[in-house]
Amino acid sequence: MGMSVTISAAAEQDAEQIFRLQYLCFQSEAALYGNYRIDPLVQTLDSVREEAAADCVYVARLGDEIVGSVHGRITEDGAAAIGKLCVHPRLQGHGIGARLLAAAEAALAGERGARTFRLHAGHRSESNLSLYSKVGYQRVGTSQGADGVPMIVLEKRAENYATTA
């Protein structure tokens with residue numbers, strides 16, 4: 001019988017595995033846009049460490065291996081900015097991303113008082129946009145990433161969390 005994937009808050013010592021996982025997972029996004037300067041690919045290990053210590057970061061573990069992660073933080077307007085959701089390519093399509101998202105939403109709403117969840121997805125990232133739609137996010141606008149990639153802005157009210165998790 002195989003091991004099951006567990007979801008938990010990340011610890012500072014998880015930073016190196018998160019860093020490597022992001023680099024692996026976001027290669028396909030970079031290729032989709034022909035842009036290898038997207039944030040998860042240029043982020044430093046020290047920056048990942050700082051996020052794991054200060055922000056709301058969740059990981060999916062298969063045994064001792066981190067196979068997924070998500071990052072969230074509260075913005076000045078009280079919304080929860082969620083990003084860098086990634087799942088190891090060999091485990092995509094098994095609901096791990098949705099579970100990570102639900103864990104981050106629960107913590108951001110319950111522990112940090114978020115009223116709205118907000119995320120950005122590249123305009124060509126159909127699988128990501130599909131996942132976000134399935135878990136209750138709605139398109140509310142567009143923006144352009146610092147790397148020049150056109151993004152779709154999606155939001156979900158925190159009170160809707162209980163009905164979509």
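A residue counts as buried when its relative accessible area is under 20%. In this predicted model, Tyr33 has a relative accessible area of 15% and is therefore buried. Tyr33 belongs to helix 2. Setting aside neighbours within four places in sequence, Tyr33 is in contact with Gly122, His123, Arg124, Ser125 and Val149. With one of these, Gly122, the side chain of Tyr33 makes a polar link, reaching the backbone oxygen of Gly122 at 3.2 Å. Tyr33 and Ser125 are 92 residues apart along the chain, yet their C-alpha atoms are separated by 9.3 Å.

A little further along, Asn35 sits in the loop between helix 2 (27-33) and helix 3 (39-42). With a relative accessible area of 14%, Asn35 is buried too. Its contacts, not counting residues up to four places away in sequence, are Ala30, Asp147 and Val149. For Asp147, the backbone oxygen lies 2.8 Å from a polar atom of the Asn35 side chain. Val149 is thus a contact of Asn35 and also of Tyr33.

Turning to helix packing, two packed helices are described by the angle between their axes and the distance between the axes. Helix 1 (residues 15-25) packs with helix 4 (residues 45-54) at an angle of about 120°, and their axes are 9 Å apart. That angle makes helix 1 oblique to helix 4. The crossing of helix 1 past helix 4 is right-handed. On the helix 1 side, Ala15, Glu16, Ile18, Phe19 and Gln22 take part, meeting Leu45, Val48 and Arg49 of helix 4. Sorted by class, this contact holds 5 nonpolar, 1 polar and 2 charged residues.

Key: Residues are numbered from 1 along each chain as its sequence is written. This is a predicted model: local features need pLDDT of at least 70, side-chain atom pairs count only at pLDDT 80 or more; totals for chains, interfaces and linings use all residues. Side-chain values use heavy atoms; hydrogens and water are left out. Axes are lines fitted to C-alpha atoms, for helices over the stretch in contact, and angles run from 0 to 180 degrees between N-to-C directions. Helices (H or I, at least four residues) and strands (E, at least two) are DSSP runs, numbered from the N terminus. Angles under 35 degrees count as roughly parallel, over 145 as roughly antiparallel, 65 to 115 as roughly perpendicular and the rest as oblique. A crossing is left-handed if the near helix is turned anticlockwise from the far one by less than a right angle, and right-handed if clockwise. Contact means heavy atoms within 4.5 Å. Ala, Val, Leu, Ile, Met, Phe, Trp, Tyr, Cys and Pro count as nonpolar, Asp, Glu, Lys and Arg as charged, and the others, Gly among them, as polar. Buried means under 20% relative accessible area, exposed over 50%, partly exposed in between (1.4 Å probe, protein chains only). A polar contact is a pair of N or O atoms within 3.5 Å; within protein, one must be able to donate a hydrogen and the other to accept it, and residues adjacent in sequence count only if both atoms are side-chain atoms.
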